[in-house]
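Trainee: Could you take one part of this model and go through it closely? I would like the nonpolar packing, and then the charged pairs and cysteines that go with it.

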Amino acid sequence: MPIMFNMILLAAGFRLADVRLLRHKDQRATKGRTPYELWRDDRPQFDWYQATQSAGNQNKLRAPYWVSFVGTPNDETLFVGLYSVKYRGLLAQDTPMPHTDGVDEAGSCDVYDLTLEHALDDLVGRLLIEWGPGDRAWIQRADRQDKQITELRPEFKEPDFPGFMNFMEPLSRLDKLPKDWIAVLQSSKGIYLLTCPRTKEQYVGSATGEGGFWRRWQEYVQTGHGGDAALRSRDPSDYQASILEVAGTAATWEDIRKMEGRWKSKLQSREMGLNRN
């Protein structure tokens, strides 16, 4: 027999008609500022993200309690808190959006006062549900939509590292990566690819020193070019980083340089990219 989320709400003393279920996964969010990342890294900003809502959703959101979920990078539905809710009114002044560049203008949206309740604190970051096929229906009534619990984890756990061949992230997002991912990138050397979203050009590089791929990419984040003459000639850009080949632990500096040369030839990054030698 499946375990359903409403069983937990009822056991905690809540009337199902008083509860709205919210699943946050915003396609407008800037990298590093998705609802999941805001909740993980900056809870006050996540709460403000929730507190400002379209006036058109006022009827759907009208309830004493909101149960909040976020869509994870693996598209799971993770429970992140239960809030008591009170409608405040229209936004009083222009306010920066927490999830993307831009400003919510005064009077353009509703504001709610949210208070994090502690009845289900032990489940925050651990409990996952099956939301169902209606991702666009991100506001639902608990008394009409019972959700099956799919997993209860011992503790909050970030997504597993996707593997070197599946890794693709913009440089601006590096500091937002899970710590386990950073540790893998720090301990690995080899050949990487940077692609420019503006010019559609590519650059093949090598990570040969201490700190591996992570340290090398941090140089680009900090300086905008990592010391390469071709990249210095371009305006700063948010390059996407991926990994072409990982060097073995016994590989020497010369071995990695030869690997780099092969990839430059294969991808013709000297003739059609940003490499100059």
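Mentor: What follows covers the cores, one helix, the salt bridges and the cysteines.

This is a predicted model, so local features need pLDDT of at least 70 and side-chain atom pairs count only at pLDDT 80 or more, while totals for chains, interfaces and linings use all residues. Residues are numbered from 1 along each chain as its sequence is written, and side-chain values use heavy atoms, with hydrogens and water left out.

Start with the packing. A nonpolar core here is a set of buried Ala, Val, Leu, Ile, Met, Phe, Trp, Tyr and Cys residues joined through side-chain atoms within 4.5 Å. Buried stands for under 20% relative accessible area, exposed for over 50%, and partly exposed for values in between (1.4 Å probe, protein chains only). The largest such core has 20 residues, and those with the most contacts inside it are Leu 171, Leu 177, Leu 185, Leu 194 and Trp 217. At least two residues of this core come from each of helix H5 (179-186), strand E12 (190-195), strand E13 (202-207), helix H6 (212-223) and strand E14 (240-246). H6 gives the most, with 4 residues. Helices (H or I, at least four residues) and strands (E, at least two) are DSSP runs, numbered from the N terminus.

Trp 217 shows how these pieces meet. Leaving aside neighbours within four places in sequence, Trp 217 is in contact with Phe 167, Leu 171, Leu 174, Leu 185, Tyr 192, Leu 194, Ala 241, Ser 242 and Ile 243; contact means heavy atoms within 4.5 Å. A second, separate core has 18 residues, including Leu 82, Ile 129, Ala 142 and Ile 149.

Now helix H5. Trp 181, Ile 182 and Leu 185 are its buried residues. Viewed down the axis of H5, the buried residues fall within an arc of 100 degrees, so they line one face of the helix; the arc is that of the directions from the helix axis to the C-beta atoms. The cover over these buried residues includes strand E11 (168-170), H6 and E14. On the face of H5 turned away from the buried side are the exposed residues Lys 179 and Asp 180.

Next, the charged pairs. With a salt bridge taken as a side-chain nitrogen of Lys or Arg within 4 Å of a carboxyl oxygen of Asp or Glu, the count comes to 18. One of them lies in H6: Arg 216 and Glu 219 meet at 2.4 Å, N to O. These two residues are 3 apart in helix H6, which means they are separated by about one helical turn. Arg 216 is buried at 18% relative accessibility, whereas Glu 219 is partly exposed at 30%. Elsewhere, salt bridges that share partners join Arg 23, Lys 25 and Asp 75 into one network.

Two further pairs can be set beside that one. Arg 28 bridges to Asp 26, with the closest N and O atoms 2.6 Å apart; Arg 28 is exposed at 56% and Asp 26 is buried at 13%. Glu 151 and Arg 153 form a salt bridge at 3.2 Å, N to O, where Glu 151 is partly exposed at 36% and Arg 153 is buried at 13%.

Last, the cysteines. Counting a disulfide as a pair of cysteine sulfur atoms within 2.5 Å, the model has 0 disulfides. Cys 109 is buried, with a relative accessible area of 6%, and Cys 196 is buried at 5%.
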